[in-house]
Amino acid sequence: MGEGSLRYVESVARNYERVMVLSSKSMRIHGFLNEVMDYAEEAGAEVDAIEGLPAEPAYEDVEEILPRIREFSPDLLIALGGGSVIDITKAIKVFYEVPDLRFEEVAFLDRFTKPVRIIPKLKTPLIAIPSTSGAGSEVSAASVLKKDGAKYNLVSYEIAPEYAILDPRLPRTMSEKIARNSGLDVLVHGIEAYTTKVATPFSDAMALGAIKTVFKWLPLSVKGDGKAREKIHYAATMAGIAFLNARLGICHSLSHKAAWIGPHGLLNATFLPYVIHFNMKDEDTRKKYTKIAREIGFNTSEELLEVIKEFNEMLGVPKLNELVGEETFLSKLDEMAEKAYNDPLINFNPVEPSIEDIKELYRKAYYGE
Ligand SMILES: [Fe+2]
């Protein structure tokens, strides 16, 4: 981590012969793709790159890219870009090394059925270099991919990147909107990881650190302040370490199954106040929200709820009903609620919801009640 830490690519690449860089278009435009390729070449490796990977990738995108990866046959992968680029590279690593696997066999499609195959041991290391500050994918063991409009997870320590490079020069290229949306995702990662059934003192420390940093620095980071961008960049990885261990909850279930409506972080932010209100019925969870409130200078869980609503407003987060028309939303409500109810992350949420609870949460978030 640190200013200029991108050069660490060279010392890793020294041990490999064929380096494939998967990059977002924006990282090429800002010169960071060339910089990474130069470091790998200076290390003596043969280097190729695929750029312009899709945001919010689908499994079909993996299938489209795989032939080029197989043709080049890399022994080191580098993902350079936002969470989507890192996620798709993780999936590519799986299907590149194990060609006979099918997505449906290894993905966590719902919480009641285990994948029929586990991802076997993989050998191609992955360097993750995030350019946005949110997903935490650079440290997480999950890859989120779309299939038929909903998002599903591949989860395995085999896909957790072997290296994460946090160079604050990269997130300084984010637009205000991406800085806001991804920063809000960090907040939700922190709050959800802090309150799951499997949280530990270790994940708690990381979660609280990330939450405090977001409240203090996100508004400045959105405006483009370089120091604030650096703080949020590290907070995103801290929250990633928190949820790698403590997992996430119902807010992510709601947003993953509503992925067709808008950007991930933004959806999470719109659902968060309703989720906190819902989870507050559990006394232990209410205490945890109170602890978060105290960490940021307030006293009660109710105050935390208000602060989060105000934070959303201050950052100009639109309401759900500004993102999608009523008729469309209602026509999809039953399907979304059922998929969210089946989502594996519900297992970690402190309160077990019914399908009706989930529908109600979607409705409340939509009508802003
Ligand atoms: Fe997230």
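This briefing describes the fold of one protein chain, from its overall size down to a few single residues. The model is predicted. The chain holds 16 helices and seven strands. Its 369 residues give a radius of gyration of 20 Å, which agrees with the value near 21 Å for a compact globule of that length.

**Overall build**

- Along its principal axes, the C-alpha trace of the chain spans about 60 × 45 × 40 Å.
- Of the 369 residues in the chain, 52% are buried.
- Among contacts with a separation of 6 or more, 79% are between residues 24 or more positions apart.

**The annotated domain**

- UniProt, in an unreviewed entry, places the feature "domain: Fe-containing alcohol dehydrogenase-like C-terminal" at residues 182-366.
- The span 182-366 is 76% helix and 0% strand.
- The C-alpha atoms at the two ends of residues 182-366 lie 21 Å apart.

**The five-stranded sheet**

- Five strands form an open sheet with parallel pairing, in the order β2-β1-β3-β4-β7.
- The edge strands of this sheet are β2 (46-51) and β7 (163-164), and each of them pairs on one side only.
- Strand β1 is mostly covered, with five of its six residues buried.
- On one side, β1 pairs with β2 in the parallel sense over six bridges, and Ser23 stands opposite Glu51 in β2.
- Strand β1 is also joined to β3 by five bridges, and these two strands run parallel; here Val21 stands opposite Ile78 in β3.
- At the β7 edge, strand β4 (residues 126-130) pairs with β7 in the parallel sense over two bridges, and Ile127 stands opposite Tyr163 in β7.
- Helix α3 (residues 32-42) lies across β1 (18-23), β2 and β3 (76-81). The direction of α3 is at about 160 degrees to that of β2.

**The antiparallel pair**

- Strand β5 (residues 142-147) pairs with β6 in the antiparallel sense over six bridges.
- One of the bridge partnerships links Lys147 to Ala150 in β6.
- Strand β6 (residues 150-155) is mostly covered, since five of its six residues are buried.

**Two helices that pack together**

- Helix α7 (residues 176-195) packs with helix α9 (residues 226-246) at an angle of about 35 degrees, and their axes are 9 Å apart.
- The contact on the α7 side is made by Gly183, Val186, His189, Gly190, Glu192 and Ala193.
- The α9 side contributes Ile232, Ala235, Ala236, Ala239, Gly240, Ala242, Phe243 and Ala246.
- The crossing of α7 and α9 is left-handed.

**Residues with a positive phi**

- Glu56 is not a glycine, yet has a positive phi of about 50 degrees.
- Glu56 is found in the loop between β2 and α4 (59-72).
- Glu56 has 18 other C-beta atoms within 10 Å, so Glu56 counts as partly exposed. The count falls between the limits of 20 or more for buried and 12 or fewer for exposed.
- Arg247 is also a residue other than glycine with a positive phi, near 65 degrees.
- Arg247 is found in the loop between α9 and α10 (250-257).
- Arg247 is buried because 22 other C-beta atoms lie within 10 Å.

**An exposed loop residue**

- Asn299 is found in the loop between α12 (283-295) and α13 (301-314).
- Asn299 has 10 C-beta neighbours inside 10 Å and therefore counts as exposed.
- Leaving out residues up to four places away in sequence, Asn299 touches Ala293 and Arg294.
- Asn299 and Asp61 are 238 residues apart along the chain, and their C-alpha atoms are separated by 47 Å.

Definitions and conventions. Residues numbered from 1 in each chain as written. Predicted model: local features only at pLDDT ≥ 70, side-chain atom pairs only at ≥ 80, totals over all residues. UniProt positions renumbered as here; feature names shortened; annotations may be inferred. Helix = DSSP H or I, 4+ residues; strand = E, 2+ residues; numbered from the N terminus. Pairing = 2+ DSSP bridges. Rg over C-alpha atoms; globule rule 2.2 N^0.38 Å. Contact = placed C-beta atoms within 7 Å. Axes fitted to C-alpha atoms, helices over the stretch in contact; angles between N-to-C directions. Left-handed = near helix turned anticlockwise from the far one by under 90°.
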